[in-house]
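Please load the model in a viewer and keep the selection tool at hand. The stops below are meant to be visited in order.

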Amino acid sequence: MTYRRLLLGRWSRRDKLAILVVSLGVAFLCGTALLIVVAGGQTSAIAAEYGATTTVTTHDTIDAAMAAAPLNASVLPFAVVTSSRGDRRYVLARPEEPVPTLGSLGPSNGATVGGIDTATDVRLAGERGSIVITVSPRESASIIPSHWYLANISTVRHLGPTGAFVVRPVPSDSVPRTGVPLRTALAFFVFGTREALAALGTAVIGSGLLIGVVIYSITRMTIRDRSDTIRVIRATGGRDRTLLALFGVRAGVLTATGAALGYAFGVIGVNAAINVAVFAGLPTSLSPTVTPAVATVLVPIVGSVILLGIVSGVGAAWQTTRRRPFGPVDRTPSRSADRRFVGRVHTSLTPTVIDVRTIVPTTATLTTFVVFVVLVSSMAGVITPLTAGDGATITQPGSPHPVASTVPVTYADALRAEGIDASPEILLFQVSDGRTYTVRAANYTAFTSVTDVSVLRGQAPASPNEAVIGADLSQTLGVERGDHITLGGSTRDGLARVEVVGVYRAPGPFDDHVIVPLATGRQLANKPDGTAQFVRADRLPNVSIGDDAITVVDIRAPERVAVNESFTAWITVENQRERAIDTTVAVSFDGQTLDRSVSIEPGEQTTIELVLSAGTAGKRALRAGDRSRSILVGNATADSGSLSIVPLPDRVPPNATLLLTVRDPNGDPVPNATVTVGNRTTRTGTDGVAAIPTGEPGSLDVRVTSGDRTGRAVTRVTDGVDRHPVGSVSLSPTTPDLLTRPTVTARLVNPWNRTVVVDTVELTGPDRSITRSVSIPPGGEETISTRLPQQPPGTYDISLRVDGVTIATERYRVTGDDRIAAALATDGRTGTSGIGRAIEAAFGNLQLVFGTVLVLAGALTVGGTTATFARAVHGRRRTIGIYRATGASPVRVTRIVLSDALSIGLCSVSIAVPLGLIGLRVADAFGYLTVFGIRLRPTGSPTVLLGAAVGGIVLTLLGAALATGSLLSMSPSRLVRDESGIAPPGERGGDYDDE
């Protein structure tokens, strides 16, 4: 057998232990990287449809913008001006040629602005001068803020340009690294994943150093065991470079074998953890498969570990090859050196059996452990306030994540009515020059009511062009008070620019946000007025509601019915939960109770139609849920004045003909009824309609008789009155609450014997107005309806106007009560915030990711400490054999070894904790600990540092126990004489510690 095969092929138990440690380290690195890359890939897949097609950079001057603009870019100068109302606004120059990536910005000439109905003159004052311009209304769909003016370049030059945007297209298959994407969602997740991988690099370095220490240690042990063989090889002509190469190859083979096993352990372990989570019912959608994108991360990790192993092997052999072949070989460590080293350690910590030099590799192992613990606790300190806590978040039922949610800001009003602080907010993912951060749109006062915020410098934002920034993000981005930030849309194209007017301090991740007004957030997130993505609150109301409960929002039925007659009622119910409900609705009337089964999807409404019997005369209540409606049951034949004459306008023109319908109390037309107007009499037809002439100006008194029933109506005949339809408005439900969007319906009836054409019919309610033109045939009708926005408690008016004349009005009241609080409670997520649910949707299950990585890291640390103490314990095997031969029991020997391990662990931990913190501080200084724009603070609380120290000592003791166990199974005589279980067969390995 050649010496090359001898050195390369004979592996001892310690070599196999080294392979195990390397495999554990690579399993940790590959498993963690796999989870992060796969989770990041999932977020990118979610956001893929929101890729950017355009990016924008901002420059202080037009000349600088022109110099930086590529050939396919457009330069858009802008001026910051003061309007006649005293507020600061932007005037953006309209591009001279259409820019396809910007879409339509409005008319090709003149000035436009949002928020106005008609053209108006405004005075604007810029840096160079002032000007009066006429501005026209601009569509709200424009990507620029509605309060920005869009004008010709000549107007901007007259006012004085403040800066310029350079807008350039981006290929659909790329993510821009420079500028601000006008649609940022995809870029945010792509770059955020890269930041997470950079943070992982900190753990990679620590784990790599641990692997290097283990390989170095094992190689040194191998060299000492084979010192005689090495001396013979060198004396017989073996070259030093050959020996170095052999030991480098040997270390590389050991490392490569461990890396291959570690790769398999990491991939299999992660998939096993996912399967266990699915079996246990944990919500996760991760699918950790090795794709080309994953391979581009895993291959460098495995390759780096192998290279590190080779370097460690060569380094361990370097000193031996420098000595003379037959010079003295120091097999025994210098006791005086040991004493000098140990003298620095307290006497009570001096080991009895284990070599004190074990402190060095133990410290390296525990330093890696401390780095991981502090890094994870820092991440938890950022994530926990976002994903858990005592607060609550209210989102739209059925929304997959908060970014896709839309809720009315009146949810916050409902909570405040209950004495609970609440803040409606919008999250915007932002990217600037490849750096990610988060913008939170909120009312600053409401935001501070649910967040512990203190302003360090400046003031709160007072206009849509102003913002405040957290102190941590201010340091990360290098942005201070007085600077400007350009923003893009999150999931749709958008552009805004804000001035930082203040810097604030807040706990956790809130210190890494930019806070802008809600109006700015709505424009960038494409949310309607009066809405937000979610409402964040201190807590939810202490109001319970049944698991299958639904809300009855409206009851419709006749106001009056005849005795013993049947009538129809309509019950409208709504599901405000986040899941579909199958339940039963109970309806009661005059001793009758009817149950109807309903199935309602989240956030949907449905109407139940019922046929009921009126019963005996009297006032009866129709009840469903917590709503009721009174119905008058009476004998129609005995009620005088029970006939109605419709539709009769308040004023009519002279010498016209009205088509009036006579109806009974049930609303049915009455045929053959006698209609009297003055001295003229006519009868209704089979449809209950009679033609009535209006006659001369004056009072028009219409009387009707049918059997014992009578009716009367009076109107005024006036010159100059047009033939308008008669209108009425109704609301469903009649008394809406905070959570209800009521439907308003306008009914237009033509009472004339000729067609009526109306150019403008306007139905107006709070925050909503629709306009129509109608043509109604003689005696016909037309209906117009719209759904009104949710409103806070209060009284609101609805009006119906025809050609500018109001013909009908209605007033309704929005209620707020305990039922509203209960409904909010069903919609909220106690202890779960908006960003937390977004993280859950994007990353599968955050707890699963951290739990799996924690298990892998724990296995790595145990393997490292076991390898460290294996070398120390095996080096003292003769001493342990003597202890056993002289009567020491395995328990006593274990106690001695564990006592030494405790002493070494205490010394190592005292060094590892500050060393780990220093390493993390260095990584933070170089910007490697910023993930998704949130800066991790690796300071480590006293509790975390104490936990890391105690955990490190426990892992040290565990590693020593595992290393000692294999020796205690051997006989004392074998420990003293036979080394075949340790050294390669055919060689007598030197016991360098016990000679």
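**First stop: a charge over a ring**

Select arginine 723 and tryptophan 752: the charged end of arginine 723 sits over the ring of tryptophan 752, at 5.8 Å from the centre of that ring. Please bear in mind throughout that this is a predicted model.

**The whole chain**

Now display the entire protein chain, which contains 21 helices and 46 strands. Of its 995 residues, 52% are buried. If one takes the contacts between residues at least 6 apart in sequence, 74% of them join residues at least 24 apart.

**Aromatic rings**

Next, show the aromatic side chains; the structure holds 10 aromatic pairs. Which residues do ring pairs link into a cluster? Select Phe78, Tyr90, Trp148 and Phe165 to see the cluster.

**Threonine 55**

Move to strand S1, residues 54-59, where threonine 55 is found. Is threonine 55 buried or exposed? Its relative accessible area is 1%, so threonine 55 counts as buried. Leaving aside residues up to four places away in sequence, the surroundings to select are Val166, Val167, Arg168, Val170, Pro176, Thr178, Gly179, Val180, Pro181 and Leu182, each of which threonine 55 touches. Within this group, draw a distance to threonine 178: its backbone oxygen lies 3.2 Å from a polar atom of the threonine 55 side chain.

**Helix H11**

Select residues 410-417, which form helix H11, and colour its buried residues: Thr410, Tyr411, Ala412, Ala414 and Leu415. Just after H11, inspect the backbone of glycine 419, where phi is positive at about 80 degrees.

**The sheet S21-S23-S26**

Proceed to an open sheet of 3 strands, ordered S21-S23-S26 and paired in the antiparallel sense. Strand S21 (551-556) and strand S26 (605-613) each have a single partner strand and stand at the edges, so one side of each is left without a neighbour in the sheet. From one strand to the next, the twist averages 25 degrees. To examine one pairing, select S21 together with strand S23, residues 566-574; these two are antiparallel and share 5 bridges. For a single position in that pairing, pick aspartate 554, whose bridge partner in S23 is threonine 572.

**The sheet S29-S31-S34**

Another open sheet of 3 strands follows, with the order S29-S31-S34 and antiparallel pairing. Why is one side of strand S29 and of strand S34 left without a neighbour in the sheet? Strand S29 (644-646) and strand S34 (689-693) stand at the edges and each has a single partner strand, which is why one side of each has no neighbour there. Ignoring direction, neighbouring strands of this sheet are turned by 35 degrees against each other on average. Select strand S31, residues 657-663, with S34 to view an antiparallel pairing over 5 bridges. Within it, leucine 660 stands opposite alanine 690 of S34.

**A hairpin**

Select residues 756-765, strand S39, and residues 768-776, strand S40: the two run antiparallel and are joined by 8 bridges. One pair to label is glutamate 762, which stands opposite threonine 771 in S40. How many residues lie between S39 and S40 in the hairpin? There are 2 residues between them, and aspartate 767 in the turn has a positive phi of about 65 degrees.

**Threonine 795**

Centre the view on threonine 795, which belongs to strand S42, residues 794-802. Threonine 795 has a relative accessibility of 42% and therefore counts as partly exposed. Not counting residues up to four places away in sequence, threonine 795 touches Arg811, Tyr812 and Arg813. Two distances may be displayed here. From C-alpha to C-alpha, threonine 795 and arginine 811 are 7.0 Å apart, with a separation of 16 residues in sequence. Between side chains, threonine 795 makes a polar contact with arginine 813 at 3.2 Å.

**Last stop: helix H18**

Finally, select residues 877-885, helix H18, in which Arg877, Arg878, Thr879, Ile880, Gly881 and Arg884 are buried. Continue to glycine 887, which follows H18 and has a positive phi near 105 degrees.

Notes
Residues numbered from 1 in each chain as written. Predicted model: local features only at pLDDT ≥ 70, side-chain atom pairs only at ≥ 80, totals over all residues. Heavy atoms only, no water. Buried < 20%, exposed > 50% of the residue type's maximum accessible area, 1.4 Å probe, protein only. Helix = DSSP H or I, 4+ residues; strand = E, 2+ residues; numbered from the N terminus. Pairing = 2+ DSSP bridges. Axes fitted to C-alpha atoms, helices over the stretch in contact; angles between N-to-C directions. Contact = heavy atoms within 4.5 Å. Polar contact = N/O pair within 3.5 Å; in protein donor to acceptor, adjacent residues only side chain to side chain. Phe/Tyr/Trp six-rings, centres within 6.5 Å; stacked < 30°, edge-to-face > 60°. Lys NZ or Arg CZ within 6 Å of the ring centre and 35° of its normal.
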